[in-house]
Amino acid sequence: MGSFQVGAGLSRLEDTVDAVRAAVRQALDQADTTQAQWALCFFTAAHLSRADVLRRTVLDDTGCQAFAGCSAMGVIGQGEEAELTPAVAVLVGSTPGTDAQSGVLPLDGEGLAGYSALAEWSGGSKALLVLPDTFRANHETLADMLQKTLPDLPIFGAGAVDDGTLGISLQVGMEGVRSNSMAVLGLFGGFDLAVGITQSCSPVGDPHFITKVQEHTLIELDGGSALAAYIEQGQVLGIETMQQASLELLFGFPLDTQAPSFTGEGCLVRHLAGFDQDTQGLMIPHPMTAHAALGFMHRSADSAEQDMERMVTG
């Protein structure tokens, strides 16, 4: 099997071009190569307005033939995390005997058929990274569509977001910069593959049951105010403001309703998206139903590190 040449870089420089070039240099040096076969780039909201320049710089400086990326609230690289501050993270790779295919596709799935050869390939490992617009994608619908269109292809990814102030995310690729889309990168060849999920948070308090909900607005938990329960849990954790709570106190939705689990691959985690004045409810970008289980999840540097270690070593 081929040996992956992979490198990562992270820059906190405010100028977009300088930041990308610094991150690319780090990544190429770590990969011990001067040209990448494929590249990924993640950038915080401070670089949203120059995403087109960011894209061109990544392509020029890596020389890659497949590229995908998106905006994010925070990025990681070189053993560091940067959140709510100007930052660019770049991952590059080059592996003999491995091919890469990328694109920026509409959320309705148009163009996914072009990846059927990748899905049908049987000469080794294969995987498709998907980075959808979190603000506009219905993730359950998207997951079902991907499974039906490419049933034999392992799929993983993350949602594209901003810093929570604009409600805008961008997806980038070889074709350009888009929103209301998904950036994808497929890899197939002679390599070993393992995929895991880290939620970067850990469950806190006892699980709750949803007793009143209106679409994406959570109104009651266990027969009482969901807002009051949320505030109470935040106070226990020493969270002082709703802004801090929206970043640190999240909601876990177990995938197995019969045996709910709130760790790793056992649940989906969602941020607080807003507050509904009429119902005094919490707005959460996730489909909810009455009587379903829900758990509060605490995101901190310690919990993120612990969950990352669990995923990598588990």
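In which strand is the place of Val-213? Val-213 belongs to strand β13, and this report, which concerns a predicted model, starts from that residue before turning to the cores, the helices and the surface.

**Val-213 and its surroundings**

With a relative accessibility of 21%, Val-213 counts as partly exposed, because the range called buried ends under 20%. When residues up to four places away in sequence are not counted, Val-213 touches Leu-218, Ile-219, Met-288, Thr-289 and Ala-290. Val-213 and Ala-194 are 19 residues apart in sequence, while their C-alpha atoms lie 37 Å apart in space.

**Two nonpolar cores**

In soluble globular proteins, nonpolar side chains tend to be buried together. The largest nonpolar core of this model holds 24 residues, and those with the most contacts inside it are Cys-41, Phe-43, Phe-67, Val-88, Val-90 and Val-92. Two or more residues of this core come from each of α1 (16-31), β2 (38-44), α2 (51-62) and β6 (88-94), and the element that gives the most is α1, with 7 residues. A second, separate core is made of 19 residues, among them Leu-218, Ala-226, Leu-272 and Leu-282.

Val-88, one of the residues with the most contacts inside the largest core, has a long list of partners once its neighbours within four places in sequence are left aside, including Gly-9, Leu-10, Ala-19, Val-20, Cys-41, Phe-43, Leu-54 and Val-75. Both Leu-54 and His-47 are in contact with Val-88, and these two residues, together with Arg-50, are also in contact with Thr-16, again leaving aside neighbours within four places in sequence. Thr-16 is placed in helix α1 and counts as buried, because its relative accessibility is 3%.

**Two helices with a buried side**

Helix α4, which spans residues 139-149, has Leu-142, Met-145 and Leu-146 buried. Viewed down the axis of α4, the buried residues fall within an arc of 100°, so they line one face of the helix. An α-helix has 3.6 residues a turn, so residues three or four places apart point the same way. The packing partners of the buried residues of α4 are β8 (125-132), β9 (155-157) and β12.

In helix α5, residues 226-236, the buried residues are Ala-226, Leu-227, Ala-229, Tyr-230, Gln-233 and Gly-234. These residues cover an arc of only 165° around the axis, and therefore lie on the same side of α5. On the other side of α5, the exposed residues are Glu-232, Gln-235 and Val-236.

**Loops and surface**

A nonpolar patch on the surface is formed by Phe-156, Leu-193 and Val-195, which together have about 240 Å² of accessible area. Of these, Val-195 is found in the loop between β12 (181-189) and β13 (202-214). Two further loop residues, neither of them a glycine, have a positive phi: Leu-84, at about 55°, and His-291, near 80°. The table sets these three loop residues side by side.

| Residue | Loop | Relative accessible area | Class |
|---|---|---|---|
| Val-195 | between β12 and β13 | 48% | partly exposed |
| Leu-84 | between β5 (80-83) and β6 | 44% | partly exposed |
| His-291 | between β19 (281-283) and β20 (293-298) | 67% | exposed |

His-291 is classed as exposed because its relative accessible area is 67%, whereas Leu-84 is classed as partly exposed because its value is 44%.

Terms used
Residues are numbered from 1 along each chain as its sequence is written. This is a predicted model: local features need pLDDT of at least 70, side-chain atom pairs count only at pLDDT 80 or more; totals for chains, interfaces and linings use all residues. Side-chain values use heavy atoms; hydrogens and water are left out. Patches are made of residues with over 30% relative accessible area and no salt bridge: like charges are joined within 9 Å, nonpolar side chains (Val, Leu, Ile, Met, Phe, Trp, Tyr) within 5 Å. Accessible areas come from the Shrake-Rupley method with a 1.4 Å probe; for residues, only the protein chains shown count as cover. A salt bridge is a side-chain nitrogen of Lys or Arg within 4 Å of a carboxyl oxygen of Asp or Glu. Helices (H or I, at least four residues) and strands (E, at least two) are DSSP runs, numbered from the N terminus. Buried means under 20% relative accessible area, exposed over 50%, partly exposed in between (1.4 Å probe, protein chains only). A nonpolar core is a set of buried Ala, Val, Leu, Ile, Met, Phe, Trp, Tyr and Cys residues joined through side-chain atoms within 4.5 Å. Contact means heavy atoms within 4.5 Å. The arc is that of the directions from the helix axis to the C-beta atoms.
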